[in-house]
Structure formats: structure tokens, C-alpha cells
Amino acid sequence: MVQVPDFNAFGTNLYRAKTTQIDAVVTISHRSWIGALTFLIFIGGIPVIIIVKESIALSGFGTLLYVLSAIGGTIAAMYGLYRQRLTLDYGVRCYRLTRGFMGFLKESTGSFGDISAVTVREIRQSGGKSALRQTDSKTYVSWGIGLECTINSPTFEIWQVPDKTKAMDIADTLARSFG
């Protein structure tokens, strides 16, 4: 019988990732469109609103706001077109990692035997999310759990938690499930 870890028991993933678990197949998809939409509204859209609302002529400050809007919109579109998806099939003991920009996606596949390590690394961020443990007034620490594969694919981080002990437990559970 296949032993599949319950990814819902891992708790909240601080990455913007959607985790779907159906029988022995687990899919983790990063939600880049949420960040893109947020970036577009707050960085790309605000200068346009200011230009329209204040009727600023396109000279000086108005031109700067227009350029910022164009750059923000471009970055949001690029971010929104980026995809990352990891599918772990415990039934046939294989994985499929798809990542890249729409139209230029690269796919890596392999067996669980190709996963050389489950890694845990410290992530320090400025600003931050309320769930992260604050180390000083400006830096937050979280722990990322990743899969390191031996065949033509880089380490892929799949989970992020605010507690090192929880990260180590998740990594141990995943390592045992891969064999």
C-alpha cells in the first residue's frame, strides 16, 4: 500500500501555492497570478488613476507616473505569465516539475529515486508576513522545504513555514515518503 503524507496536516504554506491532493497524487501550483494582479493594481494602476484624476499633463511628474505605470504593468504581466507546478504521484512513485513562462514551459520528470534530498533552508525577508517570527525590527525568518533532484532540475521549494522544528518535521515526513 502506498503511504502518502497528508499535505493538509502540514499547516498553512506561506508560499502562495495551491495544494491539491487526490488519492495518491499531490499537485503544488504556485499562484503567480495573485501577485501579478496585486502588483498591477498597486504599482501599475495607481499612477494611471492619479494622472486621470488630477489631469496631470504628460510633462515632468505626469510623465514619470506614466512610465512607472507602464513598467509596473509589464512586470505584472511577466509575473502573471510565470508558472510553477510540481506533481508527486505516489502510485507510480514519480514526479513532474513544470516551470517557466507560458509558451516556454520546461518540464522535468523522474522517479522518487531521483530525489537526492529534501532540504530545509532559512529564508530572511524584509517587511514580511504576520505569520513570520520577527528577529529584529525589519527582518523576518521563515523556513523553506525543497526537493533536490539529481536529474536536470534545480531544487524546487514546495513549502514554507515560520517554525524550524515544523520545517524539519515536514522534511522528515517527505523524505520517508520518497523512500
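Gln-84 has Arg-99 in S4 as its bridge partner, and this pair belongs to an antiparallel pairing in which S3 and S4 are joined over 8 bridges. Strands here are DSSP runs of E with at least two residues, numbered from the N terminus, and two strands are said to pair if DSSP finds at least two bridges between them. The model is a predicted one, in which local features need pLDDT of at least 70 and side-chain atom pairs count only at pLDDT 80 or more, while totals for chains, interfaces and linings use all residues. Residues are numbered from 1 along each chain as its sequence is written, and side-chain values use heavy atoms, with hydrogens and water left out.

Strand S3 (residues 82-89) also runs antiparallel to strand S2 (residues 25-30), to which 5 bridges join it. Within that second pairing, Val-26 stands opposite Leu-88 of S3. As general background to such pairings, the side chains of a regular strand alternate between the two faces of the sheet.

The connections between these strands contain two residues with an uncommon backbone angle. In the hairpin of S3 and S4, where 4 residues lie between the strands, Arg-93 takes a positive phi near 55°. Arg-93 counts as partly exposed, at 36% relative accessibility, in a scheme where buried means under 20% relative accessible area, exposed means over 50%, and partly exposed covers what is in between (1.4 Å probe, protein chains only). Asp-23, in the loop between strand S1 (17-22) and S2, likewise has a phi near 55°, a positive value in a residue other than glycine. Asp-23 is exposed, with a relative accessible area of 71%. Such angles deserve notice because most residues other than glycine have a negative phi.

At the other end of S4 attention turns to the surface. Phe-104 is located in the loop between strand S4 (94-101) and strand S5 (106-111), and is exposed, with a relative accessible area of 66%. Together with Met-78, Leu-81, Phe-101, Met-102 and Leu-105, Phe-104 forms a nonpolar surface patch whose combined accessible area is about 600 Å². Patches are made of residues with over 30% relative accessible area and no salt bridge, with nonpolar side chains (Val, Leu, Ile, Met, Phe, Trp, Tyr) joined within 5 Å and like charges within 9 Å; the areas come from the Shrake-Rupley method with a 1.4 Å probe, and for residues only the protein chains shown count as cover.

Charged contacts appear elsewhere, and a search of the whole structure finds 2 salt bridges, each defined as a side-chain nitrogen of Lys or Arg within 4 Å of a carboxyl oxygen of Asp or Glu. One of them links Arg-121 with Glu-157, whose closest N and O atoms are 2.2 Å apart. Because Arg-121 lies in strand S6 (residues 115-126) and Glu-157 in strand S9 (residues 156-161), the pair ties together parts that are 36 residues apart in sequence. Arg-121 is partly exposed at 43% relative accessibility, whereas Glu-157 is buried at 15%. The other salt bridge joins Arg-124 to Glu-122, with 3.5 Å between the closest N and O atoms, and Glu-122 is partly exposed at 38% relative accessibility.

The cysteines remain to be considered. With a disulfide taken as a pair of cysteine sulfur atoms within 2.5 Å, the count comes to 0. Cys-94 is partly exposed, with a relative accessible area of 27%, while Cys-149 is buried, at 13%.
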